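Good morning, everyone, and thank you for making room for me on the agenda. I would like to walk you slowly through one structure, so please have the view open in front of you.

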Amino acid sequence: MALSSDFTQPRTEATTPPPPLIGALLRMPFETVRDRMLAGLHERGYTDLIAAHLNVLQYPGPENQRPSELATQTRMTKQALNYLLGQLQQLGYLTRQDDDTDQRSKRIHLTPRGRAAIKAIREIVREVEAEWEQQLGPRKFAQLRHLLAQLQAIAAPKDHAA
């Protein structure tokens, strides 16, 4: 009797994928929000922003952070983050200024254009939330928000230094 497995036998019929796991269920709405953010920013005149810039501008934003802190928060390499910071600085969204407490470091500061873009992002996300609340109903949407906040608290890295 020959041994076979799904890996050694050619597929002869189309199979439907299994239901999505939690990672996909979280990722898919997140991608929708990011797509809407970028489209909404472009509609509002911020046509020079690209999807990668949203990593820098994401909540809670880069204001008064050191690039190394922001790299950790965004899970980016320092080199990749500094590349994006340079682009955003050239485009007029932020500046990098000397850190008063550490001469070796810089602090990121949003310009008025940067603050306006973050305000626009929040407005766009509120529009998405309003649509989803209307589609799910206020009770279910509040429950979703509550459960996601609980999940975030559970999943957040714990500070072990005490």
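I will begin with a loop, then go through two helix contacts, and end with a pocket.

Please keep in mind throughout that what you see is a predicted model.

Let us start in the loop between α2, which covers residues 51-57, and α3, because this is the place of Pro60. What kind of peptide bond joins Tyr59 and Pro60? The bond is cis, with an omega of about 5°. The loop between α2 and α3 also holds Asn64, and this residue has a positive phi of about 65°, although it is not a glycine.

From the loop we move on to α3 and to helix α4, which is made of residues 78-90. These two helices pack at an angle of about 110°, and their axes are 9 Å apart. Angles from 65 to 115 degrees count as roughly perpendicular, and that is why α3 is described as roughly perpendicular to α4. The crossing in which α3 passes α4 is right-handed. If you would like to find the contact on your screen, look on α3 for Pro67, Ser68, Leu70 and Ala71, and on α4 for Lys78, Leu81, Asn82 and Leu85. Sorted by class, the residues of this contact of α3 with α4 are five nonpolar, two polar and one charged.

The second contact is that of α5 with α6, where the packing angle is about 125° and the axes are 6 Å apart. These two helices are therefore oblique to each other. Here, too, the crossing is a right-handed one, with α5 passing α6. On the α5 side the contact is made by Glu129, Trp132, Glu133 and Leu136, and on the α6 side by Pro138, Lys140, Phe141, Leu144 and Arg145. In this contact of α5 with α6 there are five nonpolar and four charged residues, and no polar ones.

Finally, let us turn to the largest pocket, whose volume is about 2,200 Å³. Which residues of its lining are the closest to its centre? Of the 37 that line this pocket, they are Phe30, Val33, Tyr59, Leu148 and Gln152, and you will recall Tyr59 from the cis peptide bond with Pro60. The elements that give two or more residues to the lining are α1 (22-43), α3 (67-74), α5 (112-136) and α6 (138-155). By class, the lining of the largest pocket comprises 24 nonpolar, six polar and seven charged residues.

Methods: Residues numbered from 1 in each chain as written. Predicted model: local features only at pLDDT ≥ 70, side-chain atom pairs only at ≥ 80, totals over all residues. Heavy atoms only, no water. 1 Å grid on protein atoms, 1.4 Å probe; cavity = no way out; pocket = protein on both sides within 12 Å on 5 of 7 lines; lining within 4 Å. Points joined across faces, edges and corners; volume = space filled by probe spheres on them. Helix = DSSP H or I, 4+ residues; strand = E, 2+ residues; numbered from the N terminus. Nonpolar A, V, L, I, M, F, W, Y, C, P; charged D, E, K, R; others polar. Axes fitted to C-alpha atoms, helices over the stretch in contact; angles between N-to-C directions. Parallel < 35°, antiparallel > 145°, perpendicular 65-115°, else oblique. Left-handed = near helix turned anticlockwise from the far one by under 90°. Contact = heavy atoms within 4.5 Å.
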